[in-house]
Amino acid sequence: MPKYTVRVELHGVPQGSASYAILHRAMQDRGFRFTIESADGKSYRLPTAEYSYEGDEDGEQVRAAAKEAANLTGKPFAVLVTQSVARWWSGLRE
């Protein structure tokens with residue numbers, strides 16, 4: 001099953017605003033998570049406005065779902081979807 005890292009940025013909107021709260025809820029409702037899991041089963045929190053998605057959908061379908069969520073904010077936005085074969089990180093909080 002493919003894994004994706006997804007970044008959604010609301011242009012000109014400060015982190016922690018009501019618009020980001022709407023985005024986060026809409027992303028969760030579509031199956032996006034705020035965490036990634038290590039090989040030993042520990043969960044780590046992704047940086048702000050980054051999400052993880054795992055499913056049978058292709059990248060275009062994942063992008064469309066993220067776009068749909070971002071549209072609910074009524075703000076201009078950017079979406080970047082990257083399919084992940086492997087992930088390495090440092091400094092993420094458990």
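**View 1. Helix α2 lies across three strands in this predicted model.** Helix α2, residues 59-71, lies across β1, β4 and β5. Follow the helix against β5 and you will find the two running at about 150° to each other. Glutamate 60 and arginine 63 both sit in helix α2, and they come back in View 6.

**View 2. Strands β4, β1 and β5 form an open sheet.** The order of the three strands is β4-β1-β5, and their pairing is antiparallel. The edge strands are β4, residues 50-54, and β5, each of which pairs on one side only. From one strand to the next, the twist averages 20°. Helix α1, residues 18-29, also packs on the sheet, where it touches β1 and β4. The direction of helix α1 makes about 160° with that of β1.

**View 3. Strands β1 and β5 meet, with serine 84 in the picture.** How many bridges join strand β1 to β5? Eight bridges link them, with β1 covering residues 3-10 and the two strands running antiparallel. Within this pairing, tyrosine 4 stands opposite glutamine 83 of β5. Serine 84 belongs to β5 as well, a strand that spans residues 77-84. Is serine 84 buried or exposed? Serine 84 counts as buried, because its relative accessibility is 14% and the cut-off for buried is under 20%. Leaving aside residues up to four places away in sequence, serine 84 touches Lys3, Tyr4 and Thr5. With threonine 5 there is also a polar contact of 3.2 Å between the two side chains.

**View 4. Valine 8 takes part in the largest nonpolar core.** This core has 18 residues, and those touching the most other members are Val6, Val8, Leu23, Met27, Phe32 and Tyr51. Which elements give two or more residues to the core? They are β1, α1, β4 and α2. For a closer look, try valine 8: not counting residues up to four places away in sequence, its contacts include Tyr20, Leu23 and Met27. Valine 8 also touches Ala49 and Tyr51, along with Ala66, Ala70, Ala78 and Val79.

**View 5. A salt bridge joins arginine 25 and aspartate 29.** The count of salt bridges in the model comes to three. Side chains of opposite charge can pair when their charged atoms come close. Here the side chains of arginine 25 and aspartate 29 meet at 3.5 Å, N to O. Because the two residues are four apart in helix α1, about one helical turn separates them. Both arginine 25 and aspartate 29 are exposed.

**View 6. Glutamate 60 and arginine 63 pair along helix α2.** Their side chains meet in a salt bridge of 2.3 Å, N to O. The two residues are three apart, about one turn of the helix. Glutamate 60 counts as partly exposed at 46% relative accessibility, and arginine 63 is partly exposed too, with a relative accessible area of 29%.

**View 7. Glutamate 68 reaches arginine 30 in a salt bridge.** The N to O distance for this pair of side chains is 2.8 Å. What parts does the pair tie together? Glutamate 68 lies in helix α2 while arginine 30 is in the loop between α1 and β2 (35-37), so the link ties together parts that are 38 residues apart in sequence. Glutamate 68 is partly exposed, with a relative accessible area of 44%. Arginine 30 counts as partly exposed at 24% relative accessibility.

Note on methods: Residues are numbered from 1 along each chain as its sequence is written. This is a predicted model: local features need pLDDT of at least 70, side-chain atom pairs count only at pLDDT 80 or more; totals for chains, interfaces and linings use all residues. Side-chain values use heavy atoms; hydrogens and water are left out. Buried means under 20% relative accessible area, exposed over 50%, partly exposed in between (1.4 Å probe, protein chains only). A polar contact is a pair of N or O atoms within 3.5 Å; within protein, one must be able to donate a hydrogen and the other to accept it, and residues adjacent in sequence count only if both atoms are side-chain atoms. Contact means heavy atoms within 4.5 Å. Two strands pair if DSSP finds at least two bridges between them. Axes are lines fitted to C-alpha atoms, for helices over the stretch in contact, and angles run from 0 to 180 degrees between N-to-C directions. A nonpolar core is a set of buried Ala, Val, Leu, Ile, Met, Phe, Trp, Tyr and Cys residues joined through side-chain atoms within 4.5 Å. A salt bridge is a side-chain nitrogen of Lys or Arg within 4 Å of a carboxyl oxygen of Asp or Glu.
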